[in-house]
Amino acid sequence: VLLYLGQYPTDFNWSRLERTDSHVFLTVSRDPISHPGVVRADPGRFDAADILASCDVVVGKAGYGTVADCIASDVPLVYARTTGFVEADALDAELAEWGRGVKIDRETLFHGDLAPAIEKALAS
């Protein structure tokens, strides 16, 4: 599972990933991560788009690039709507039409249990 949270540090609760210990999580986050279930790729050497095509599912914010990369690679996306962007409605509509997007709220993305959404995405 690629956790793509963007290029900037977040308040993602890494300890919550223990509830989904049946998956290997990868990230290119700039955040320092000390969680045994997360493999952190150096964002100076690796780009999320390069890693994405090798993953079973992506979890992150629904930005244009992430959505386009997921659709092009046919990798399901568990996502929270990105606020403040004019393309947010179009991305929501495209993900719904594609059928492999699983929408969650931002609170669930950063602090919640991701296992149900990941399983739904894998079943899509």
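**Reading the structure around Val78**

Q: Leaving aside its neighbours within four places in sequence, which residues is Val78 in contact with?
A: This is a predicted model, in which local features need pLDDT of at least 70 and side-chain atom pairs count only at pLDDT 80 or more, while totals for chains, interfaces and linings use all residues. Residues are numbered from 1 along each chain as its sequence is written, and side-chain values use heavy atoms, with hydrogens and water left out. With contact taken as heavy atoms within 4.5 Å, and with neighbours within four places in sequence set aside, the partners of Val78 are Val57, Val58, Val59, Gly60, Val102, Ile104, Ala117, Ile118 and Ala121.

Q: Does Val78 count as buried or exposed?
A: Val78 belongs to strand β5, where strands (E, at least two residues) and helices (H or I, at least four residues) are DSSP runs numbered from the N terminus. The terms depend on relative accessible area: under 20% is buried, over 50% is exposed and anything in between is partly exposed, using a 1.4 Å probe and protein chains only. Val78 has a relative accessibility of 0%, so this residue counts as buried.

Q: What is the C-alpha to C-alpha separation in space between Val78 and Gly44?
A: Along the sequence, Val78 and Gly44 stand 34 residues apart. In space, from C-alpha to C-alpha, their separation is 25 Å.

Q: Which element gives the most to the largest nonpolar core?
A: A nonpolar core is a set of buried Ala, Val, Leu, Ile, Met, Phe, Trp, Tyr and Cys residues joined through side-chain atoms within 4.5 Å, and in the largest one, which has 21 residues, Leu3, Phe12, Trp14, Leu17, Val59, Val78 and Leu114 touch the most other members. At least two residues of this core come from each of β5 (77-81), β6 (101-104), α4 (106-111) and α5 (115-123). The element that gives the most, with three residues, is α5.

Q: How many disulfides does the count come to?
A: A disulfide is a pair of cysteine sulfur atoms within 2.5 Å, but the sulfur of Cys55 lies 9.3 Å from the closest cysteine sulfur, that of Cys70, which is too far for a bond. Both residues are nevertheless buried, Cys55 with a relative accessible area of 10% and Cys70 with one of 0%. The number of disulfides by this rule is zero.

Q: Within what arc do the buried residues of α3 fall?
A: In helix α3 (residues 88-98), the buried residues are Ala88, Leu91, Asp92, Leu95 and Trp98, and they pack against β4 (58-62), α2 (64-73), β5 and β6. The face turned away from them carries the exposed residues Asp89, Ala90, Ala96 and Glu97. The arc is that of the directions from the helix axis to the C-beta atoms; seen down the axis of α3, the buried residues line one face of the helix because they fall within an arc of 130 degrees.

Q: Which residues are exposed on the other side of α2?
A: The buried residues of α2 are Thr66, Val67 and Cys70, and they cover an arc of only 95 degrees around the axis, so they lie on the same side of the helix. Their cover includes β1 (2-4), α1 (48-52), β4, β5 and α3. On the other side of α2, the exposed residues are Tyr64 and Ala72.
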